Amino acid sequence: MKIALITIQAASGEKGGAESFFLGLQKALKNAGHNCETVTFISDESSQEKILASYETCHTMDLTDYDLVISTKAPSYAISHPNHIVYLVHTMRVFYDMFTKEFPKPNSRIKAFREKIIKKDTQALSKASISKLFTIGHEVTKRLKKYNKIESEVLHPPLVHEHFYCDGQENYIFIPSRLHRWKRIDLLIEAMQYVRSDIQLHIAGTGEDEQSLKKLANNKVVFLGRISDEAITKEYANALAVPFVPLQEDYGYVTLEAFKSKKAVITCNDSGEPSYFVKDGVNGFVCKADPQEIAKKIDYLYEHKDEAKEMGKRGFESIKHITWDNVIKELLSHSKKYDEDVLILDMQPIDPPVGGGRLRLLGLYHNLGAKLKSLYLGSYDWQGEKFRDHKLTPSLREVDIALSDEHFTQSNALSQAVGHNIIDLMFHKMGDLSKDYLMHAIYNIKRNNIVVFSHPWIYPLVKTFLTDKHLVVYDAQNVESYLRYTLLSENEACKDIIKEIIDIEYELCLNADIILCCSKEDRSTFNRLYEIPFDKLEIIPNGVFTSKIIPPNSNQKVELQQKYFKNQKKTAIFMGSNYGPNIDAAKFIATVLAPSCRNVNFIIAGSVGNVLNKESQNNLYITGFIDEDEKLHLLQACDFAINPMNGGSGTNIKMFDFMAAGLPIITTAIGARGIEQFGKKAFFVADLNDFVNTIESLLAEPKLLDHMRLSARELALEQFSFENISFKLGHLLNSHAQTLTKDIKVSIIIPSYERKELLLILLEKLNKQSFENFEVIVIDQSKESISNEIASYKFELKYIHSHIKGAVKARNFGAMLATGELLGFIDDDCYPINKEWIKNAYELYKSDKTIVGIEGKISSDHIADLAYRSVSNVGCEGLGFMTANLFVSKYIFNKIDGFDEAFDNPHFREDTDFGWRMLDEGNVPYAHNVEVFHPAHKKEIARESDEQRDTFFIKDPLLMAKHPKRYEQLFLFEKHYIQRPYFWKYFKKGLQEYAIDIQKYKEIYKYMPKEKDPL
Amino acid sequence: MKQQKFYKAFEDRYRGSREMIKKRQEQYLKFIKPLTTIFHEDTALDIGCGRGEWLELLKQNGIKHIGIDTDSDMLKECKKQKLNVIKSDALSYLSKQKDNSLILITAFHVVEHIAFEDLQKLVQEALRVLKDGGLLIFETPNPNNIKVATEYFYLDPTHIRPIPSALLAFTTEYFGFKRVAVMGMQEQKTLLEKEDVSLKDVLEGPSPDYAVIAQKKAPQEITQKFDFIFEKSYGLSLDILLQKFEQTFQRVENLAINAEKKAIEAEKKAIEAEKKAIEAEKNYTALLNSHSWKITQPLRYLNKKLQWFYTGVYHWITFSPTSRPRRIVNKILLKLKSYLNKNPKLKTKASQILQYFPKLQEYVANMHLSHTVDKDIKHTYSYRLNEDPKRKLSVEEILARIEKEAEKKEENRS
């Protein structure tokens, strides 16, 4: 560990006991294998201004290069550091216990300054980011308690040099000391006048009071002056005892040195720390500060030399435990660990996760895939909160650091001036005032390769600490510049603020490696406003914890319905917080829907109800604020949800709650903004004035209602489950971090499902490719992970064992993780014919800027064998775009949203749909020299039987609806409608499933058998 | 043409306003005053008259004048002022003049524009054309001023080379002028009185321009009227300022020595300090040789802010070893270390120097202070718009896009 021992050196250069303590501590830390450096501040105490300046210097110092800092003397503990232990030597004593001595008649200015210093110390020492506060002794601890009301723990420092020994018992007592009045040598000299025995007092040392003391002394007192360290130990070794009677000594190495030399110590009850070490009558004496008392004890020891010897031995035993090893162990046991993989920076807390922003933070980072652990550094945008460091989930740690009072003062002043709370928007200018927060951020940026900015506010403050080794991610909860413009543009005073927001967000976008967008709409806004290329923009939607919000089983539902409602009517729910657009929607329910649909119970849940007139009609229930449990029960008790929103911005996260609970929804277009259904039918979009009709027609079809119930839950699980989103995001971050410094040009994507052997063969073949700068991404949806069986390859392999089912989803997931500019898809049972596969594809792609993708040749075997179904695209070039051999640029893939997951389960036509959309963007040549072999499948395998095979045509109507003209050609070319026995059966099923009106597609309708639907 | 226009524009921007130039050139009037008492109907020639400020002064003082210049635009300006000017270059104009026909030839900021051979011809021709006792005055930028010599001189792209005053003076004397005076011009007058001279003063303080005034031989009754020109020295030279700077430095040193003396007396009482000083002395003996003196000498000319630094160094070198207490040295080393920590380049230099003094190097390395920090080192952040070089778009462009986007959405809604 790299440790900074922060020491203070007086500007006068004077040195004392503290310096040897520093030296000893540093040496001990070094011996324990740590890289310990002392960082020395020069503290000038010659004026009030200079004292304050040295507090400020310490406070603003960036010591984040050190893993741990240990502060010692005033004002070193003013430092801001995320891993900070205080080992307090002393505060400035002249403002504490020595104040009345030094300033017998203080004026009001000096009194006020004293208050100020004590307040500053209290603030600094009670900082919650200090993980432990130790003092060198009880005196210091007592003082902290008395003046600062702060608790601390005593940790006695050992001696720096331990060369003391015991030799004999000669007729002298010995005290080494600076000759200063606080040491009370005069008390000892006076005592010697009362000593009856034939014994001398040896005094080693010099000092300002030397002359006066010498005058005081009789012939029993010997002044040795300044003597060498060896001479001192020898004096100790042969002394009878050591009298040590200072006034309120903070520590006093003399006690330890005497005990190390096995000598009894005589001290006074007002001597401070020595009186804690010395146990009266055990290892010495503690007496009143009176010369006669002291003289008695000296005489006693002279007369009882054996007892003096025993006391010395007991003294030696009593300090045996004070060793540097123990001190270091105790100190370092409080060192904080920051060993997370991902750092997320924002300035709000996550917990409690109320509101869209905090819920997103929790959802996205609560359990990142690839076993990444995340550290969230946040704050509070209001005053008065405390430091917090806790685990929200086993892999998400939240640390919140309060902003400084000065920060709030300035921000409030500015907010008032512009008439809008701008603490977040101005964070980039004021963050420097909150050193505690900033140092936490900088410290962790220096130790973390993946840095996520949730909101751009912090970025400008720390950007200089980001290096090439950092994966920089912008988690864009909104397009801030656009959002803030719509909110603030009316306000003249905010003109410049908007410009700065643009500036910050633009720069973050330019420098981010990935930008996470909530929706397609946000993504295209980023592209339009800032010209950010699509390959940097990934969609990470908002969602819901689908493991927490679950549909009820049928028994539960009946029970709940009986609990909440006393009738058999169907029940509709709306939820919302106390927020303008929600209130409008709730009013609409109360005044329009409830009176019109008397056969339906309406529930308005959440704090939106607090502002409504609670006079309930007999089919309207208004709950007011509810907790999470009650919310779940209510959702489970209802039959469907309504979302008649007519304003607001962003995605309505309540929609996800409804879906997760398996509630079909009737919503306005605004309410469904940013939420796709992926071919499923989870909600109906209706105009407000069509709501009543839609509700009634939905209730008229109980079968449809049941179907939608399932679809809603499925949609939530597949697309909006935070559990899956967090899993995918973790892999996204991990993948980019893995190849951040590598020059990956092509990403090969292989979805795999229970074909271990074939997959390993394919990887072997890929290993022989002549092309060098490529990575292989395997999305394995098999039951068992094979990560242990995978050899190492010359390419970068990203093997992801995924629980998310579906080949289309796997391809999209793989593409999201890809870091190359060109994506290549191949199936796990295929392999490239030769080693030039990737090389030829890449060269062709680079040869012509109009090329957005490449359809590679797929060859097969058993071409004429009826027992087999061979898979090849020879003869239908430019038609099928089979994913067994398809290349596409990452830019285009992202721009056209990859494969349409509506074509999943069973997956069919997704490749054709994708290919056709690709053609809208540029050229997709068919390349003979980009060839893959696809083995024929034996038909007797169950899933290859005729009817099984034909169930896939359920997807044809989807394709038809998306591409009417092209589908027409394909339809006539393939002639499935003639050749396949079950074509029309499943085609019609598809029409129903996806609610497609065949009458609109006359050319196809012509061919459709008109008999009544067999279903 | 274009070239000439450029120069006119350049002059207009950098040479200064008419009033300012005139004000400066007024200083020369006192030097030519005796001419007007001796000669009455004779003409003064101004070579490179430019916008004609000097000609105007001559006219106002009743001296007949003719100005020549090669720049038509400048001459137009002069004609506007009803000044007597001709388009010509100096040498060809002079060659057409009769011997002993002019009383004064001036060339302000001309000689630095012409080749040295031409300058020599110009001086010879001037000598021929001037009447006995006539004056030749050249004014040119003063390379003795380091700021001028290294920067301002090259602001004018038509300047050829700076001419040191000694060279210009020598040239006139060599070709036969009777006597010559060099005078610094346009310096800041307060600097002459200033006691504490800074390095900035040394570098920028010497007279930015100088003039050479050369006189053609003449009977004594004429020349004595001009003696005052050649007896006194004018202006402020680099040497004077350097001398002052040295004196400043000496004063600081003396102060420091006195302070140290007091410290030594106090320390003498402390036996420990004395003892440790002897130990320390061993470590510093190595410093007390000529190496250190040589190496630290350049430091003397560092910025004034560095004064504590070289006083510290000075003490190492001049104090008698036995009386130098370790505590003082420690303090200096502490500050030195802290200063060096803040200046990586100096630090490298210092560690190179330390290599010559292995004992000191060891001592510094073992010093209890591995890092000493001052309040200047801290994380400071200043925010500026449009900073990142990767940007292709300006904030204003993006704002315009946002405005458009918002409008579109508003339209869609209604």
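## Aromatic rings that group together

In this predicted model, a set of aromatic residues in chain A is linked by ring pairs into a cluster. Its members are Phe908(A), Phe952(A), Phe953(A), Tyr967(A), Phe971(A), Tyr977(A), Phe983(A), Trp984(A), Phe987(A) and Tyr1007(A). If you would like to trace the cluster yourself, Phe908(A) and Tyr1007(A) are among the residues to look for. Over all chains, the count of aromatic pairs comes to 54.

## Charges over rings

Rings can also have a charged side chain over them, and two places in chain A show this. At Phe285(A), the charged end of Lys297(A) sits over the ring, 4.8 Å from the ring's centre. At Tyr443(A), the residue over the face is Arg447(A), and here the distance to the ring centre is 3.7 Å.

## A parallel sheet in chain A

Next, let us look at a sheet. Six strands of chain A make up an open sheet with parallel pairing, and their order across it is E23-E22-E21-E24-E25-E26. The edges are taken by strand E23 (620-624) and strand E26 (683-685) of chain A; each has a single partner strand, so one side of each has no neighbour in the sheet. On average, neighbouring strands of this sheet are turned by 20 degrees against each other, direction ignored.

Helix H24 of chain A, residues 628-637, packs on this sheet. The helix touches strand E21 (570-575), strand E22 (600-605) and E23 of chain A, and its direction makes about 145 degrees with that of E21(A). Elsewhere in the sheet, strand E24 (residues 640-643) and strand E25 (residues 665-667) of chain A pair in the parallel sense through three bridges. Along this pair, Asn643(A) stands opposite Thr667(A) in E25(A).

## Cysteines without disulfides

How many disulfides does the structure hold? The number is zero over all chains. Take Cys58(A): this residue is in no disulfide, and the nearest cysteine sulfur, which belongs to Cys36(A), is 17 Å away. Cys58(A) is also buried, since its relative accessible area is 0%.

Cys518(A) is another cysteine to look at. The closest cysteine sulfur, in Cys517(A), is 7.8 Å from the sulfur of Cys518(A), which is too far for a bond. With 5% relative accessibility, Cys518(A) counts as buried.

## Cis peptide bonds before proline

Two peptide bonds leading into prolines of chain A deserve a look. Ala74(A) and Pro75(A) are joined by a cis peptide bond, with omega at about -5 degrees. You can find Pro75(A) in the loop between strand E3 (68-71) and strand E4 (84-88) of chain A.

A cis peptide bond also joins Asp351(A) and Pro352(A), where omega is about 0 degrees. Pro352(A) has its place in the loop that runs between strand E13 (342-345) and helix H14 (356-365) of chain A.

## Positive phi values in loops

Which value does phi take at Glu531(A)? Phi is near 60 degrees there, a positive value in a residue other than glycine. Glu531(A) is in the loop between helix H21 (520-530) and strand E20 (537-539) of chain A, and its relative accessible area of 43% makes it partly exposed.

Chain B offers a case too. Asn100(B) is not a glycine, yet its phi is positive, at about 50 degrees. This residue lies in the loop between helix H6 (90-95) and strand E4 (102-108) of chain B. Asn100(B) is partly exposed, with a relative accessible area of 42%.

Methods
Residues numbered from 1 in each chain as written. Chains lettered and ligands numbered in written order. Predicted model: local features only at pLDDT ≥ 70, side-chain atom pairs only at ≥ 80, totals over all residues. Heavy atoms only, no water. Phe/Tyr/Trp six-rings, centres within 6.5 Å; stacked < 30°, edge-to-face > 60°. Lys NZ or Arg CZ within 6 Å of the ring centre and 35° of its normal. Pairing = 2+ DSSP bridges. Helix = DSSP H or I, 4+ residues; strand = E, 2+ residues; numbered from the N terminus. Axes fitted to C-alpha atoms, helices over the stretch in contact; angles between N-to-C directions. Contact = heavy atoms within 4.5 Å. Disulfide = S-S within 2.5 Å. Buried < 20%, exposed > 50% of the residue type's maximum accessible area, 1.4 Å probe, protein only.
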